[in-house]
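Q: Could you take a close look at the salt bridges here and walk me through where the partners sit?

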Amino acid sequence: MIKLSKPISHLMFALTSLMSVTAFGGALSQQISGFETIEDFQPILSDMADKRLVLLGESTHGTAEFYEKRAAITQSLIEDHGFDFVAVEGDWASIVQLNLYVKHDADGPQTLEAAMNHLQRWPQWMWRNAETQALIRWLRDYNRDLPAAERVGIYGIDVYADELAAQDVVAYFEAFSPREAVEVAALYQCKYQHDSINDYLESVWQSRQHCGDEIDQVLNMIQQREGFDPDNWQDFRAEQAALVVKHAEWHYRGELEGGALSWNRRANHFYVTTQRLMDFYGENSRGIVWAHNTHIGDARATEMARHGLINIGQLAREQLGKDASYALGMGTYQGEVLAALSWEAEMQVMNIPMPRTDSWEAMLNNFELPQLWVRFDEKLAANLQNPMPHRGIGVTYDPSDESRNYDMTVLPARYDGFVFFRDTRPLTFLE
């Protein structure tokens, strides 16, 4: 355990209005540590080792340290504990090309550059970066001498880039039934005749007619095809691509109905996809999820619950059981980040200002460690039940107005552990 450079009693002074000083100090001092290398994570890795699903978070989509530490944890879980796959908050159709590459599939890209070139949709920096590239290189090297059935995969669990997914479905049918491929393309044309999702939603709003039935028909054609086998990779891939199209349309259409519907449909897709991957890999398979803290931390411990919002962190605990999943959040005090001022705007390197003085980030910074982790055991969780502001930065960000970036959170209820960096740097974007 690394000795804290500031006494616990100093930290307590700032927290007397929140909790019992005596109970908090004794519990926290036993569960927090600085770190230098992955070896310093052994207590957390031991907690993760027997889980079915490990969820690794991040408080931004553009911070190098988050990607690097998640990669180090991921490699350890795969090498030392036999985890089977990585699922990331990325597009299925694009990330599946990375999967083919790391698995040495003859039908996929044959060079790292070719694999990374499939990552073209905005925000490109989220996965088209040197930090992700290093993980992809490692996965391919790790799989090199393994039997095909034992190779570790990487997959996207998001609903976006659904038109690319639709193209994959058409290609699937073209391989054995060109006639059905034409029929599938015509069914999908109901939605993709529109130039943008906004045009489609405008059409739905005006006509009160949507394309859900046509999209469902394609999914049924796959599932009812003679010889269809969900354990066969080509069939599984096509079915998943069809589910992306289905759930994307469902997600977008939820925007017209308002409330939590759109968000929750996307969150449900995250979990459904992850569960499908666990089923595909077998009864005792285990997976690692990379996504924003907003997704992997239990929504019930945040303001999200008050608005009726769910996420994969909550669903994993509800469906698998708390003892079968582990959520590790990650956060920063200050630094630089890749983000954009608005949706589909130009990527920028932005400054992350110091957080609110009443936030979890400010509290953790009081330990004056450059980086630290904390495990939320039952004793510590019992003494940290007061909600405090917790910062989250998305792909769109305005450092001059952070009012929208905080969510009241009971940190030990949201995560099983947390990793904190005082100063962070931006991802290295691959041009």
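A: Let's fix one term up front: buried means under 20% relative accessible area, exposed over 50%, and partly exposed in between (1.4 Å probe, protein chains only). Bear in mind that this is a predicted model, where local features need pLDDT of at least 70, side-chain atom pairs count only at pLDDT 80 or more, and totals for chains, interfaces and linings use all residues. Residues are numbered from 1 along each chain as its sequence is written, and side-chain values use heavy atoms, with hydrogens and water left out.

Now the pairs. A salt bridge is a side-chain nitrogen of Lys or Arg within 4 Å of a carboxyl oxygen of Asp or Glu, and the structure has 24 of them. One joins Glu402 and Arg391, with the closest N and O atoms 2.9 Å apart. Glu402 sits in the loop between β9 (388–391) and β10 (406–409), Arg391 in strand β9, and they are 11 residues apart; strands (E, at least two residues) and helices (H or I, at least four) are DSSP runs, numbered from the N terminus. Both partners are buried.

Helix α12 (residues 233–257) supplies Arg237, whose partner Asp168 is in helix α8 (residues 162–174), so this bridge ties together parts 69 residues apart in sequence. Their N to O distance is 3.8 Å. Arg237 is buried at 15% relative accessibility, while Asp168 is partly exposed at 23%.

Glu239 bridges to Arg276 at 3.1 Å between the closest N and O atoms. Arg276 is in helix α13 (residues 261–281) and Glu239 in helix α12, so parts 37 residues apart in sequence are tied together. Arg276 is buried at 14%, and Glu239 is buried at 8%.

Finally, a network of salt bridges links Asp298, Arg300, Arg317, Glu318, Lys322 and Asp416.
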